[in-house]
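Student: I should like to learn how to read some features of a structural model. May we begin once it is displayed?

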Amino acid sequence: MPIRILIADDHAVVRSGLRALLGAEADLEIVGEAENGTETLRLVETLRPDLVLLDISMPPESGIKTARRLKEQHPDLIVLFLTMHEDESMLHGALRAGAAGYVIKRAEESEIIQAIHVASRGDIYVHPAMTRTLLHQPVTTEHRRGLPTVALTPRELDVLRLLAKGNTNRQIADLLDLSIRTVENHRANLMGKLGLVSRVELVHYAEEHNLL
Amino acid sequence: MMESPGPQGRTTRHERDLAAILAAARTVVESSLFADAGRALLGACKTVLGADAGFVAVCRTGGDGFDVALLDPGSLELDAAAGVPAPLRRLSDEAAKGGRPVLSNDLKSEPASSPGPGGRSVPESALITPIVVAGDVAGLIGLINRPGGFSAADSQIAEAIAALAAVAMLNSRSVNGHERNRNALEREVREGATQLRDSEEKFRTLVNNLPDVIARFDPDLRHVYVSPAVHYVTGRPVQDFVGKTNRELGMPSELVELWDAALRRVFAIGQSEKFEFAFPGPEGTRYFECQLVPEPGPGGAVSTVLSLARDVTDRRRAFEAEQRARQVAESLRESTVALSCSLDRETVLTTLLDHMRRMVDFDRATVMLLEEASRLSVRTMFDGERVIPLAPGVRSELNPSDHPVVYGILTTGTPVVIPDVRVHPDWSLSTDRSSEASWMGVPLFARGDVAGLLSLSKREPGYFNEEHMRLAEAMAVHASAAVDNAVLFEQVQASAIRMRLLSRRLVEAQESERRHIARELHDETGQTLVSLRFGLRLLEREINEGGVGTGRVAELMQRTDEVIDGLHRLAADLRPPSLDHLGLDAALRQFSRTAASKFGLAVHFSARGFTSERLPGVVETDLYRVVQEALTNVVRHAQATRVDILVEHRGDRVMVMVEDDGVGFEPDRIPGESHFGLLGMRERAEALGGTLTVESTPGAGTTIVVEVPSADPHPDR
């Protein structure tokens, strides 16, 4: 039982290249070609492929959006991205959209075929050139998560909340009817007590301790 | 009756004639009544000339015909009322005209002479003699029917008698004249006296009830008379005045001098005079218009002067009010014109104080405008001599909440008048005790909100009144419109300048972007493609020479990858694909990561409140560019080691914050290049209907916050 594949790419050259490349494989069957998101959705509905080989840059709609809609309507459908973008945020976006794999276009033919097989098994395939970026996950704040809420004065807590909500020192000074100098002092003190160095850390701290 | 002729008889007759004439002449001399004299003379005539009948006629007034004054009809049937007997009229007219006696002995031939009824005898002969007084015929003596007719000698006698009649007439006339004159005079005097009494009575009633003060002065300037109205005006009884001069009455000396000078002139020159004066009466100052009229005495010199003083206070007040209203209207009009002529805020405020001074005489003034809720700054002041606009560096500032009076005006929008700030419990503004006692504060408005305050002060306590307040308010309203305009103009001007700077920068940025892309394409992509082509040529040669070229192909693949990489970078720099495919949070996360490695900075990123729901493309792009620009500024100027990038989608707003720990800057001294950067960011923020806040302290970093609505600002575009 060959894997039934729908090719979705806005470039006809790429489509025919892929058809030639994959059509030569005995266990793969190209059931159709689509050149945009809408056509992809329509053809998936009628052709019922096992797998969609999906491009990201496919005007007018982003492939990632198409993927999201495909997975909503056909949760069992395997979506495999084949894209120019060697961009970690795109990879994350693609995986979050429910894709089973992310292959870059300059990959070897063998790599593309391998990715199709891996995805069909229910695993995730990420091209080796992109796996490095998967390690760039945001640093967790695990080590601080356990920190007890250090004894902050009520004023410092007020300042903390307002800082976390994105207020500037002057705005906080106006809101709390304090001088800007006092706000700066509170800010320095509370950051010191909590061992925070930046606003973003402060926001995360506030989030974790339900201070927002 | 016939006398016998003869010497005896003649003498007798002659004597008798003479006696008759003499008797008549005596009567003429003795009697002043013409009737007596005339009768005597007519009698004498008849006697001397032996006529049957006779008459005396007098000339009618106006010289038109005769009236018969005396008639002796004799045997004839004659009626005095019928006038001169008809047959004699022609003769009479002839005698009157000629001034000489006329006789006729043949009257039967006269047309009007016909026998009377009952066969009575008719005039047959007549002698008519004119009575000539002062050359004019004043009357006639007529004699009728002499037996044998009249002769020329008769007419001579008649003429002599007529001369006597003329004398008698003259006598009676002059006597009658005198008599009549005296009677008329007596009557006139009697009537005159009555009339005088009447009119004096009427006059007195009039004068007593007249609101005007009428007074009579003697040459020593003492009151001889004053009308009762003086009591209402001065509050003093009439008796106080009579016999006293104004000075003795204790009138203010200025007024005394004015009056005395005018009175003396009228006494000296004898011409009436008009002047106006103010009198401090018991119920405030009243204004009078006074006329002095000379009254000549028997000798012709001015013996008294009559004064008539009319209270014109109401008229004057009405006039003054009208004058003032006109002046105010004119001032307001002028100031409106002046205010609307200027689009510069400082000029508007200066003009406001200048024009205000024409209507309210203040000693010190300032115009204060709210810079923000807690800052009121003095923009313009009047230092007692001139109006001075204050430049930004020298404006004193105050916090309205520290000053209850000011705070009250700003929050209620109503003016306040303080009679004396030195004793006012809530007074807190710094004032010069020597030159500022009464104070008035009037709110200024801009687009319906209280935008500032007009502060006026005056040396005298209790100076400002309702009217001042109304005027100041009216002016403030006019000024408010002008201030509005000026503020709008400033904004338009500022944004025009900003637009110019931006469009210049846009052109420059576009040019440098193009230069960058061109260099990138030419130096990198172009060069690599050239070498790729070169490699292909080598590969071709190797294959032609029977080689496999595997090593060459691997090398060419690598070079192709380099081209692809370069193009990716170039494209991502121009516009990150994640912005199109994933959304703002993903794109910024990617950007933070790239920037960290590219610039060697610790870039912390946090995104909150984002779902799979995308923001409008224009909002995402603009916010992305704002962060990009902010980071460019940080890299260029801040010397920072750490940058935090926060993006939060909260309700219908999106907030982006870029905060660094760099060197910071003085808010009003933004370095040129980042100034442009800030302008661009502000422009983007405002185009989205949002705001940009920049906060920086030297040495303590910079925070840039952009907050915009999450909805598409131009959904129809």
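Tutor: Helices (H or I, at least four residues) and strands (E, at least two) are DSSP runs, numbered from the N terminus. The model is predicted: local features need pLDDT of at least 70, side-chain atom pairs count only at pLDDT 80 or more, and totals for chains, interfaces and linings use all residues. Residues are numbered from 1 along each chain as its sequence is written, and chains are lettered from A in the order in which they are written.

Student: Where is D106(B) placed?

Tutor: D106(B) sits in the loop between strand 3 (102-104) and strand 4 (126-133) of chain B. From C-alpha to C-alpha, D106(B) is 8.6 Å from A126(B) in space, and the two are 20 residues apart in sequence.

Student: Is D106(B) buried or exposed?

Tutor: A residue is buried if 20 or more other C-beta atoms, placed from the backbone, lie within 10 Å of its own, exposed if 12 or fewer, and partly exposed in between. D106(B) has 10 such atoms within 10 Å and is therefore exposed.

Student: How many residues does each chain give to the contact of chain A and chain B?

Tutor: Two residues are in contact if their C-beta atoms, placed from the backbone, lie within 7 Å. Chain B gives 29 residues and chain A gives 25 residues. On the side of chain B that touches chain A, helix 13 of chain B supplies the largest share, 5 residues.

Student: Which classes make up that side of chain B?

Tutor: Ala, Val, Leu, Ile, Met, Phe, Trp, Tyr, Cys and Pro count as nonpolar, Asp, Glu, Lys and Arg as charged, and the others, Gly among them, as polar. That side of chain B, touching chain A, has 12 nonpolar, 8 polar and 9 charged residues.
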